[in-house]
Amino acid sequence: MGREYGPNKFGDWPALPKRLRLAIKERDGYRCVCCGETRSLAVDHITSKSLGGSYDDPENLQTLCRMCNSRKGRKPRCPCQDEGYQPAPSTLAGFAQKVA
């Protein structure tokens with residue numbers, strides 16, 4: 001998305017911008033993409049930053065509930081997701097305008 005992000009001097013990454021987190025949740029219908037839960041949602045990196053995943057690219061972000069996020073850990077997919085899960089292309093259309 002253009003900005004350079006990285007860990008601070010303690011090795012912690014900053015939280016994703018609120019606007020981006022809200023846009024990802026909206027794109028995913030305010031539901032966990034794994035199980036469909038609508039409560040306790042978090043925005044998760046599909047490929048973790050430590051494994052080379054993009055920090056703020058919407059295509060590397062997904063909405064997961066806390067339980068699925070916990071089960072997923074650093075793996076690229078939650079165990080209850082299909083192997084081929086990808087957000088529908090229509091959900092990404094016009095997405096850059098919302099987070100810019």
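Helices are taken here as DSSP runs of H or I of at least four residues, and strands as E runs of at least two, both numbered from the N terminus. On this basis, the predicted model contains four helices and two strands. The elements follow one another from the N terminus in the order α-β-β-α-α-α. Of the 100 residues in the chain, 36% are buried. The exposed surface of the chain amounts to about 6300 Å², and carbon and sulfur atoms account for 51% of that area. Among contacts between residues at least 6 apart in sequence, 58% join residues at least 24 apart.

Helix α1 spans residues 18-27. Its buried positions are Leu20, Ala23, Ile24, Lys25 and Arg27. In general, residues three or four places apart in an α-helix point the same way, because the helix has 3.6 residues a turn. Immediately after α1, Gly29 adopts a positive phi of about 70 degrees. Tyr30, in the loop between α1 and β1, also has a positive phi, of about 50 degrees, although it is not a glycine. Tyr30 is partly exposed, its relative accessible area being 42%. Ser40 belongs to the loop between α1 and β1 as well, and its phi is near 55 degrees, again a positive value in a residue other than glycine. Such values merit mention because most residues other than glycine have a negative phi.

The two strands, β1 (residues 41-45) and β2 (residues 61-65), run antiparallel and are joined by five bridges. Within this pairing, Val43 of β1 stands opposite Thr63 in β2. Strand β2 is mostly covered, with five of its five residues buried. Burial extends to both faces of β2: Leu61, Thr63 and Cys65 point one way, Gln62 and Leu64 point the other way, and all are buried.

The largest nonpolar core consists of seven residues: Cys32, Val33, Cys34, Leu41, Leu64, Cys65 and Cys68. A separate core comprises six residues, among them Leu16, Leu20, Ile24 and Tyr55. Two of these residues, Leu20 and Ile24, are among the buried positions of α1. In the largest core, Leu41 has contacts beyond its neighbours within four places in sequence, namely with Lys25, Tyr30, Arg31, Cys32, Thr63, Leu64, Cys65 and Arg66. The partners of Leu41 thus include the core residues Cys32, Leu64 and Cys65, together with Tyr30, whose positive phi was noted above.

Three salt bridges were identified in a search of the whole structure. Side chains of opposite charge can pair when their charged atoms come close. One of the salt bridges joins Asp28 to Arg27, with the closest N and O atoms 3.0 Å apart. Asp28 is buried, at a relative accessible area of 12%, and Arg27 is likewise buried, at 10%. Another salt bridge links Glu37 with Arg39, the closest N and O atoms lying 3.2 Å apart. Here Glu37 is partly exposed, with a relative accessible area of 26%, whereas Arg39 is exposed, with a value of 60%.

The remaining salt bridge is formed by Lys72 and Asp44, whose closest N and O atoms are 2.9 Å apart. This pair links distant parts of the chain, with Lys72 in helix α2 (residues 66-72) and Asp44 in strand β1, 28 residues apart. The side chains of Asp44 and Lys72 are also joined by a polar contact of 2.9 Å. Both residues of the pair are buried. Asp44 counts as buried because its relative accessibility is 8%, against a cut-off of under 20%. When residues up to four places away in sequence are set aside, Asp44 touches Asn60, Leu61, Gln62, Leu64, Asn69 and Lys72. Among these partners, Leu61, Gln62 and Leu64 are buried residues of β2. The surroundings of Asp44 therefore include residues of the paired strand β2 as well as Lys72, its salt-bridge partner in helix α2.

Note on methods
Residues are numbered from 1 along each chain as its sequence is written. This is a predicted model: local features need pLDDT of at least 70, side-chain atom pairs count only at pLDDT 80 or more; totals for chains, interfaces and linings use all residues. Side-chain values use heavy atoms; hydrogens and water are left out. A salt bridge is a side-chain nitrogen of Lys or Arg within 4 Å of a carboxyl oxygen of Asp or Glu. Buried means under 20% relative accessible area, exposed over 50%, partly exposed in between (1.4 Å probe, protein chains only). A polar contact is a pair of N or O atoms within 3.5 Å; within protein, one must be able to donate a hydrogen and the other to accept it, and residues adjacent in sequence count only if both atoms are side-chain atoms. Contact means heavy atoms within 4.5 Å. A nonpolar core is a set of buried Ala, Val, Leu, Ile, Met, Phe, Trp, Tyr and Cys residues joined through side-chain atoms within 4.5 Å. Accessible areas come from the Shrake-Rupley method with a 1.4 Å probe; for residues, only the protein chains shown count as cover. Two strands pair if DSSP finds at least two bridges between them.
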